[in-house]
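Here's a quick tour of a protein chain for anyone just getting started with structures. Keep the 3D view open and find each spot as you read.

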Amino acid sequence: MATTVAKGSTTGFAYGAPLQPGRERWRSTAFAPNNGYTATYAVYEVMVRPQWRGQGISERLHEALLKERGEDLAVLLVDVTHPKVQDLYKTWGYEKAGEQQPFADSPVYAVMAKRLHP
């Protein structure tokens with residue numbers, strides 16, 4: 001987990017976890033990792049409180065979260081109705097691998113993957 005604090009209050013946080021081999025979210029898509037490297041870290045949340053947005057804090061939190069990771073890939077899900085969020089993640093090096101709907105009553109998500117060690 002990565003957090004930032006300013007003036008005594010939390011400005012935001014990011015967290016994730018390694019995914020079990022064979023259960024990586026990108027496997028349901030046409031995405032093909034480079035050279036077969038498949039160890040994957042799932043980014044579950046990147047959040048910045050509204051009053052701190054627009055200052056690059058989310059990108060810094062994201063970078064801090066992934067900085068020491070040993071996995072080959074990072075993956076995250078973005079609701080497909082949020083194209084601006086997808087575009088933001090593209091500027092951070094992610095590519096859209098495909099789409100999935102994990103459960104019948106859940107939204108459709110864009111599966112986005114980033115190579116951590118090109």
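What follows is a short briefing, going from the overall fold down to single side chains.

Keep in mind that this is a predicted model. The chain has 2 helices and 6 strands, and reading from the N terminus the order is β-β-β-α-β-α-β-β. We'll look at its overall build, then one well-connected strand, then the aromatic rings and the charged pairs.

**Overall build**

- The chain's radius of gyration is 15 Å, and a compact globule of 118 residues would come out near 13 Å, so the two agree.
- If you follow just the C-alpha trace, it spans about 45 × 35 × 25 Å along its principal axes.
- Out of the 118 residues, 36% count as buried.
- The accessible surface adds up to about 7100 Å², with 50% of that belonging to carbon and sulfur atoms.
- Take the contacts with a separation of 6 or more: 63% of them are between residues 24 or more positions apart.

**Strand E6 and its partners**

- Strand E6 covers residues 109-115 and is mostly covered, with 5 of its 7 residues buried.
- Strand E4 (residues 73-79) runs antiparallel to E6, and 7 bridges join the two.
- To spot that pairing on screen, look for Val78, whose bridge partner in E6 is Ala110.
- Strand E5 (residues 95-100) also pairs with E6, again in the antiparallel sense, over 5 bridges.
- Here you can look for Gln100, which has Tyr109 as its bridge partner in E6.

**Aromatic rings**

- A pair of aromatic rings is described by how far apart the centres are and by the angle of the planes.
- The structure holds 4 aromatic pairs.
- In one of them, the ring centres of Phe13 and Tyr15 are 6.1 Å apart and the planes sit at 15 degrees; planes under 30 degrees apart count as stacked, so this pair is stacked.
- Phe13 has a relative accessible area of 23% and is partly exposed, and Tyr15 is partly exposed too, at 33%.
- Tyr89 and Tyr94 have ring centres 5.8 Å apart, but their planes are at 65 degrees; that is over 60, so this pair is edge-to-face.
- Are Tyr89 and Tyr94 buried or exposed? Tyr89 is at 11% relative accessibility and counts as buried, and Tyr94 counts as buried at 4%.
- Ring pairs also link Phe13, Tyr15 and Tyr44 into a cluster.

**Charged pairs**

- Side chains of opposite charge can pair when their charged atoms come close.
- How many salt bridges does the count come to? The answer is 3.
- Arg115 and Glu95 meet through their side chains in a salt bridge, at 2.5 Å from N to O.
- That pair links distant parts of the chain, since Arg115 is in strand E6 and Glu95 is in strand E5, 20 residues apart.
- Arg115 is partly exposed at 24% relative accessible area, and Glu95 is partly exposed at 34%.
- Arg69 and Glu71 form another salt bridge, 2.8 Å from N to O.
- In this pair, Arg69 is partly exposed, with a relative accessible area of 26%, while Glu71 is buried at 10%.
- Glu99 and Lys96 form a salt bridge as well, with their closest N and O atoms 2.8 Å apart.
- Both ends of that bridge are partly exposed: Glu99 has a relative accessible area of 44%, and Lys96 has 35%.

Notes. Residues numbered from 1 in each chain as written. Predicted model: local features only at pLDDT ≥ 70, side-chain atom pairs only at ≥ 80, totals over all residues. Heavy atoms only, no water. Phe/Tyr/Trp six-rings, centres within 6.5 Å; stacked < 30°, edge-to-face > 60°. Buried < 20%, exposed > 50% of the residue type's maximum accessible area, 1.4 Å probe, protein only. Helix = DSSP H or I, 4+ residues; strand = E, 2+ residues; numbered from the N terminus. Pairing = 2+ DSSP bridges. Rg over C-alpha atoms; globule rule 2.2 N^0.38 Å. Contact = heavy atoms within 4.5 Å. Areas by Shrake-Rupley, 256 points an atom, 1.4 Å probe, with all protein chains shown as cover. Salt bridge = Lys/Arg side-chain N within 4 Å of Asp/Glu carboxyl O.
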